[in-house]
Amino acid sequence: MGSIIEITKSAPLSGSVRISGAKNSAVAIIPATVLAGGPCVLENVPPLTDVYNQCRILSYLGAKVEWLDATTVSIDTTALRNETPPDRLAGKLRASYYLMGALLGRFGLSRIGLPGGCKIGPRPIDQHLKGFQALGCKCDINDGYVLLEGNGLHSGHVYFDLVSVGATINVMLAAAGVEGTTTIENAAREPEIIDLANFLNKIGVTVKGAGTGTLRITGNRDRGWSEHSIIPDRIEAGTFMIAATATAGDVVVKGVITRHLESVTAKLRETGVTIEEGEDWLRVSGPARGKAVDVKTLPYPGFPTDLQQPLTAYLTRCAGTSVITENIFENRFRYVDELKRMGANIKVEGRTAIVEGVEELRGATVQASDLRASSALIIAGLAARGRTRVRGISYLKRGYHDFIGKLRQLGAEIDLV
Ligand code: UD1
């Protein structure tokens, strides 16, 4: 992919778009195949760089990874070796740290480099380690590596201090390899956690309570192979809903689980958007100019932090004052300066952004600082007068499959330069 995207103010987006599989599910379930210790086939896997890198890590460790088509991958971890993945692979994505839990669950020992990923604030792993320790694991961080020694790993009781998607997944993976029942309290309730639980149940682990704050995981040494289809990506779906809205468009977002998007649907309706819901689709018709709203990001089922940036791009043009509070990642307002270059009126105070809606945004050259900032700036560009150039768009490929192609299909004037 080139390094700059050029966008011209576009007519209202129209038509339909099909949503890919969920990145955050795929990057958790791929390492979970380590626990199957046999062949697994995963369908509806989004073709994204984070997913390919996760697969490359498993290949490096001796798994047989074969893409059967663009979105179906067969992974056989029978001959997996318990080694440290090289930094050139593990450092590329945050989710590489799920190998900690997966290798610990399978081998009782792991050594993994500290994870990479988007720079959206300090992203500590203390809760992951707290969970591993509750299973009897000794944890050390030394020279950029996390060393987990689980001699005599056992089931346990974990109470997380805060709701963490990553820590919940990592401890689920470790507990899946341990006999007895582990309880996780204050667990994350995201749909991707339920998807992982469904996969683990298929390979012979028993996970109860997924989607609630209390998980019970009963490991089983006699685990087997499985076929599994990844759930649709609610963040990609939400991004297209917002893009349709921001251009006063009329778009059908297909292949979604509508209840995963309830917080987004409710918030967009508050701004004046009309949303019709079908069994697995949503039709979004944006108003010429929406109304300002207040938004707080929260763990699921609250409004997702991953859609805070795209939503803010839309709110810059809504009539009135919107107050956006980012409760999950403190550095997730870095893109605001770029929106200001396009004429947005935004003041950031700590974890809050106050957006005074302007009549019009102007095209400008802007720099994306992370994955969701890229989609936010593109959405702003679609609605702005004149031409917008977005630099740093390599992030896009980590989280959106064919974002530009899908937007073009909806009539957007967008090109790689
Ligand atoms: C995951 C998602 C990311 C999403 C985020 C919140 C993946 C690969 N990424 O990230 O897209 O934005 O959930 O929905 O699924 N924290 C600690 N200690 C820990 C762990 C987390 O303090 O040990 C804090 C974090 O700094 C953050 C908050 O908890 O403030 C939530 O983070 P977490 O849910 O863990 O996010 P990720 O799993 O990194």
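Helices here are DSSP runs of H or I with at least four residues, numbered from the N terminus. The structure is a predicted model, and the exercises below start from its ligand and its domains.

**Exercise 1. Determine which helix gives the most residues to the shell around the ligand, and describe that shell by class and by its polar contacts.**

Step 1. Two helices, H5 (126-134) and H6 (165-176), each supply at least two residues of the shell around the ligand. Of the elements that contribute, H5 gives the most, with three residues.

Step 2. The shell consists of 21 residues, and those that come nearest to the ligand are Gln-127, Ser-164, Val-165, Asp-306 and Ile-328. Sorted by class, the shell has ten nonpolar, six polar and five charged residues.

Step 3. For the polar contacts, a pair of N or O atoms has to lie within 3.5 Å. A polar backbone atom of Gln-127 is 2.7 Å from an oxygen atom of the ligand, a backbone N or O atom of Gly-166 lies 2.8 Å from a ligand oxygen, and for a backbone N or O atom of Ile-328 the distance to an oxygen of the ligand is 2.5 Å. The ligand taken alone exposes 740 Å², and the protein buries 87% of that area.

**Exercise 2. Explain why the ligand can be said to lie between domain 1 and domain 2.**

Step 1. The domain assignment divides the chain into domain 1, made of residues 5-20 + 232-416, and domain 2, made of residues 23-229.

Step 2. Taken over C-alpha atoms, the centres of domain 1 and domain 2 are separated by 30 Å, and 22 residues of domain 1 are in contact with 23 residues of domain 2.

Step 3. Because domain 1 and domain 2 both give residues to the shell around the ligand, the ligand lies between them.

**Exercise 3. Decide whether Thr-247, Ile-414 and Cys-139 are buried or exposed, and list what each of them touches outside its sequence neighbourhood.**

Step 1. The cut-off needed is that a buried residue has under 20% relative accessible area.

Step 2. Thr-247 lies in the loop between helix H8 (234-246) and strand S14 (250-254), and its relative accessibility is 7%, so it counts as buried. Leaving out residues up to four places away in sequence, Thr-247 touches Ala-11, Pro-12, Leu-13 and Leu-382. A polar atom of the Thr-247 side chain also lies 3.2 Å from the backbone oxygen of Ala-243.

Step 3. Ile-414 belongs to strand S23 (residues 413-416) and counts as buried because its relative accessibility is 1%. With residues up to four places away set aside, Ile-414 touches Ile-5, Glu-6, Ile-7, Ile-378, Ile-404, Leu-407 and Arg-408. Although Ile-414 and Ile-378 are 36 residues apart along the chain, their C-alpha atoms are separated by 8.8 Å.

Step 4. Cys-139 is found in strand S7 (residues 138-142), and with a relative accessible area of 14% it is buried. Beyond its neighbours within four places in sequence, Cys-139 is in contact with Leu-129, Phe-132, Gln-133, Leu-147 and Leu-148.

**Exercise 4. Identify the buried residues of helix H9 and the elements that cover them.**

Step 1. In H9 (residues 262-270), the buried residues are Ser-263, Val-264, Thr-265, Lys-267 and Leu-268.

Step 2. Their cover includes H8, strand S15 (274-277), strand S16 (281-285), strand S17 (295-296) and helix H10 (308-315).

Step 3. Just after H9, Gly-272 takes a positive phi of about 110°.

**Exercise 5. Locate the residues Asp-143 and Asn-186, which have a positive phi without being glycine, and the cis peptide bond between Tyr-300 and Pro-301.**

Step 1. As background, most residues other than glycine have a negative phi, and most peptide bonds are trans.

Step 2. Asp-143, with a positive phi of about 55°, is placed in the loop between S7 and strand S8 (145-149), and at 71% relative accessibility it counts as exposed.

Step 3. Asn-186, whose phi is near 60°, sits in the loop between strand S10 (180-185) and helix H7 (191-202), and with a relative accessible area of 24% it is partly exposed.

Step 4. The cis peptide bond that joins Tyr-300 and Pro-301 has an omega of about 10°, and Pro-301 is in the loop between S17 and H10.

Key:
Residues numbered from 1 in each chain as written. Predicted model: local features only at pLDDT ≥ 70, side-chain atom pairs only at ≥ 80, totals over all residues. Heavy atoms only, no water. Buried < 20%, exposed > 50% of the residue type's maximum accessible area, 1.4 Å probe, protein only. Polar contact = N/O pair within 3.5 Å; in protein donor to acceptor, adjacent residues only side chain to side chain. Contact = heavy atoms within 4.5 Å. Near = heavy atom within 4 Å. Areas by Shrake-Rupley, 256 points an atom, 1.4 Å probe, with all protein chains shown as cover. Nonpolar A, V, L, I, M, F, W, Y, C, P; charged D, E, K, R; others polar. Domains from an automatic or database assignment.
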